[in-house]
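Me: Hi! Could you walk me through this one while I have it open?

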Amino acid sequence: MLPALSRFIFIIFLAFIAAYVALINWGENVAIASGIAILAIPLGYSYINLARLRRYVLADDLESMPLPSGFWEEVFFRLQRLVRDLKLQIKINVQQHARFIEAFQASPNGIVMLDDQDQIEWCNAIAEQFFGLNFKRDVMQRINFLIRRPEFVQYLNRRQFEEPLLLSRMGSDSNLSLMLQAFPFGDKRHLLLIQDVTDLQKADAMRRDFVANVSHEMRTPITVLMGFLETVQSLELEKAQKDQYFDMMMSQAQRMKSLVEDLLTLANLESNTLPAPMQAVQIPTMMALLKNDAEALSQGRHALNFESTSSCKLLGDERELLSAFSNLVSNAIRYTPDLGSISAKWSMNPQGQGEFSVTDTGPGISSEHLPRLTERFYRVDRSRSRDTGGTGLGLAIVKHIANRHQAQLVIESIAGKGSTFTLRFPKERISK
Ligand code: ADP
C-alpha cells in the first residue's frame with residue numbers, strides 16, 4: 001500500500017494525465033472536467049467514509065462499523081480499537097466502583113464521605129438508618145445541618161478527630177448508642193465511621209450495676225456483723241445474750257458465704273462457654289436427695305410431694321443439674337408460707353422432652369416481673385428475699401445451667417395462687 005503523500009501525488013499525476021489526454025483529444029473543457037473528475041474520486045470516497053463514521057459515532061456503535069478498504073481502513077481500525085479499549089476500561093472501573101460500594105454497604109458500620117466543606121458526598125444505608133439520612137435527598141448537604149446534636153457539631157468544628165465521639169439516645173426510638181470518628185483522607189476530605197455500641201454500652205452498664213449490687217449485698221451483712229461485734233466488745237453481756245448475738249453474727253456470716261458461693265458458681269458457669277457434658281444422670285436418685293434437703297429446709301411447715309414418672313436418664317452435668325433443681329425447690333419452700341404445698345416432678349412430655357418441674361402454692365409472681373426474674377439480683381420483693389436468706393442469684397444460676405444443657409426455663413405463675421418453674425430438656429439429652 002502506498003503512503004499517503006505518494007498516493008496524493010499519484011492522484012494529482014493521474015488527474016494531469018487525464019486532463020492532458022482530454023486536452024489533446026477533446027479540447028480544454030473536457031480536459032478540466034476530467035481533471036476535476038479524477039480529483040473528485042478520492043474526495044467522494046473520503047466524504048462517504050466520514051459520513052459512515054458520523055452515523056456509527058452518533059449511534060454509539062463504532063465497534064460494529066465494517067472497515068472500509070484503503071486509506072481510511074487504518075484510521076477507522078485504530079479508532080475502533082481505541083473506543084473498544086476505552087469502553088472496556090470504563091466497564092472495569094464501573095465494576096470496581098460497584099464492588100467498593102457493595103463492600104461499604106455490607107459493612108456493619110455506618111460510613112459517610114464528606115468533602116472539604118463537610119458536605120455529604122456519599123453514605124451507606126447503615127449511616128442513613130443511624131442518622132435518618134436519605135442519600136438521594138441529602139447528597140451535597142452540609143452534615144451539620146442534618147445532624148444537629150450540639151456535641152456532634154462541636155466535634156466537627158473543633159477538628160480534633162484523634163478521639164471518637166459517643167452519641168447516645170440516637171435512632172428513631174432514641175435507643176441507640178453510636179461511636180463516631182472522623183478520619184481525614186484525600187484532599188481535605190473526611191470519612192466518618194459510625195459504630196453501633198448499644199450492646200457494649202448495655203454490657204458496661206450491667207457490669208457497673210453488678211459491681212454496685214455485689215458491693216451493696218456485701219456491705220449490709222458486714223455492717224450488721226460489725227455492729228454486733230462492737231456491742232459484744234463494749235458491753236458486759238450475760239452468756240445467754242452473748243449466745244444470741246453470736247447466732248445473729250453467724251447468720252450474717254452465713255449470708256455472706258452464700259453470696260460468695262453463688263457468685264463463684266455464676267462466674268464458673270459464665271466462663272465455661274462449652275455445652276454441658278453428657279453424663280447419664282439418674283433423676284429418680286437425685287429426687288431422693290432433693291427431697292431430703294427440702295424436708296430439712298421446710299422443717300415440717302409444708303406438704304411435700306416428690307415424684308418421678310419416668311426412669312429415663314438425663315444427659316448432663318450432675319453437679320450443675322443438682323444445683324439448678326435444688327435452687328428451684330429451695331425457692332418454692334422459702335417463698336411458700338407455712339401449710340402450703342410443694343410438689344417436684346420428673347416426667348417426659350408427649351414430644352419426648354424431659355421436664356423437671358416444681359409447683360408451689362406460694363404468693364405467685366405477677367406477670368410484669370416474669371421476664372426479669374432470671375436477671376442477677378432481680379427480686380420481686382427485696383426485703384422478703386433477704387428474710388428468706390436469698391442472694392438474688394438463684395434463678396440467674398438456674399438460667400445459665402439451663403442454657404448449658406440447651407434446656408428451656410418456663411415460669412408460669414398467678415399472683416396470689418402459686419407458681420410452677422419447669423426446666424424442659426431437649427430429646428437429645430434424654431436416654432432410656
Ligand atoms: P432469691 O435469692 O432472691 O430467691 P432468685 O434468683 O432465686 O433470688 O429469685 C429471684 C426472685 O424471684 C426472688 O427474689 C423472688 O421474688 C422470685 N421468686 C423466685 N421463686 C419464687 C417462688 N417459688 N415463688 C414466688 N417468688 C419467687
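Reply: Happy to; we can take the ligand site and then one strand.

Reply: This is a predicted model, where local features need pLDDT of at least 70, side-chain atom pairs count only at pLDDT 80 or more, and totals for chains, interfaces and linings use all residues. Residues are numbered from 1 along each chain as its sequence is written, and side-chain values use heavy atoms, with hydrogens and water left out.

Me: Cool. Which residues come nearest to the ligand?

Reply: N331, Y335, S385, G392 and L395, out of 20 residues around the ligand. Here, a residue counts as near if one of its heavy atoms lies within 4 Å.

Me: And which polar side-chain atom lies 2.9 Å from a nitrogen atom of the ligand?

Reply: One belonging to D360. R334 also has a polar side-chain atom, 3.0 Å from a ligand oxygen atom. For L395, a polar backbone atom is 2.8 Å from an oxygen atom of the ligand. Polar contacts here are pairs of N or O atoms within 3.5 Å.

Me: How much of the ligand does the protein bury?

Reply: 97% of the 530 Å² that the ligand exposes when taken alone, with areas from the Shrake-Rupley method and a 1.4 Å probe.

Me: Switching topic: is strand β1 buried or exposed?

Reply: 5 of its 5 residues (110-114) are buried, so β1 is largely enclosed by the rest of the structure. Buried means under 20% relative accessible area (1.4 Å probe, protein chains only).

Me: What does β1 pair with?

Reply: β1 runs antiparallel to β5 (residues 189-196), with 5 bridges, and antiparallel to β2 (residues 120-123), with 3 bridges. Pairing takes at least two DSSP bridges between the strands, and strands are DSSP runs of E, at least two residues, numbered from the N terminus.

Notes
Polar contact = N/O pair within 3.5 Å; in protein donor to acceptor, adjacent residues only side chain to side chain. Buried < 20%, exposed > 50% of the residue type's maximum accessible area, 1.4 Å probe, protein only. Helix = DSSP H or I, 4+ residues; strand = E, 2+ residues; numbered from the N terminus.
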